[in-house]
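Here are my notes on the model, set out as numbered points for you to read beside the coordinates.

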Amino acid sequence: MIAKREIVRIDEELCDGCGLCVPNCAEGAIRVVDGKARIVADKYCDGLGACLGHCPKGALTIEVREADEFDEQAVEQLLAAEKAKQAEPAAAHAPRPGGCPSARLMSLSPCDQANVPTGRTGATDAVSALSHWPIQIRLVPADAPFLKGANLLLTADCVAVSLPDYHSTWLPGRKVLMGCPKFDDAEMYIERLAAVFRENELRSVTVLEMEVPCCANMGRITAEAVRRSGRKMSFQRVIVAREGRVLARETVTP
């Protein structure tokens, strides 16, 4: 039934898709879709606004408008379905045999040093320091063998293009997981990374993100994933300028 009531409003101009509102909506009414937080359906939102204070951009407010009435039973069904999905074994989310070949787990043999002199003045043979495949967060299962005891490098997509020494300085000795914190599903990233942190005794975690505001979500996503994993751990957060300079470094303890 449609009724005039209070309900959460999301300003898409202000929303940067960080996803921090998602875990703070107890009813599961909010999801990040196409880089923006959105109400899944009006019937899931109770209009109390518990999520409002967790938005760093102030994109969430309460408005009064006509909407479907809050349906507590529908919320219970939604949350039960989400809980069942999260309880599925990690193997259930791993790439299936016979699927896309790009998702098949592989160990590579990178050169110990990414840039090897060729003997020509000022020239090098650039060799990849990548040691495994795949690298996209959404494609790597939490129990991937190469994650055991790894030094993990979480990289926002644009960083690898901006950093001139990405292969020679940052990638050697690390296992990389890469993604776009603006356009991909932030909640999925949080759940996947929480599982990675929980299931692997990682030696270290380094987060590389760009200076642009939307890219700062990678650090926020990582911090929330650490909290959900139940692990007591810190990570290094490195901010990269668009022209390739390292602007700042900090240690984050969620």
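1. Of the 254 residues of the chain, 43% count as buried in this predicted model. The chain exposes about 13,200 Å², and carbon and sulfur atoms supply 51% of that area.

2. The secondary structure comes to five helices and 13 strands. Among the contacts in the chain with a separation of 6 or more, 69% are accounted for by residues 24 or more positions apart.

3. The helix pair that I would look at in some detail is formed by helix 4, residues 186-199, and helix 5, residues 217-229, which pack at an angle of about 50° with their axes 8 Å apart. That angle makes helix 4 oblique to helix 5, and the crossing of the two helices is right-handed.

4. On the helix 4 side, the residues that meet helix 5 are Ala186, Glu187, Tyr189, Ile190, Glu191, Leu193, Ala194, Phe197 and Arg198; their partners in helix 5 are Ile221, Thr222, Glu224, Ala225, Val226, Arg228 and Ser229. By class, this contact has nine nonpolar, two polar and five charged residues.

5. Is Thr222, one of the helix 5 residues in this contact, buried or exposed? Thr222, which is found in helix 5, has a relative accessible area of 0% and is therefore buried, the cut-off being under 20%. Leaving aside its neighbours within four places in sequence, Thr222 is in contact with Leu154, Phe197, Val207 and Phe235; of these, Phe197 belongs to the helix 4 side of the packing described above.

Definitions and conventions:
Residues numbered from 1 in each chain as written. Predicted model: local features only at pLDDT ≥ 70, side-chain atom pairs only at ≥ 80, totals over all residues. Heavy atoms only, no water. Axes fitted to C-alpha atoms, helices over the stretch in contact; angles between N-to-C directions. Helix = DSSP H or I, 4+ residues; strand = E, 2+ residues; numbered from the N terminus. Parallel < 35°, antiparallel > 145°, perpendicular 65-115°, else oblique. Left-handed = near helix turned anticlockwise from the far one by under 90°. Contact = heavy atoms within 4.5 Å. Nonpolar A, V, L, I, M, F, W, Y, C, P; charged D, E, K, R; others polar. Buried < 20%, exposed > 50% of the residue type's maximum accessible area, 1.4 Å probe, protein only. Areas by Shrake-Rupley, 256 points an atom, 1.4 Å probe, with all protein chains shown as cover.
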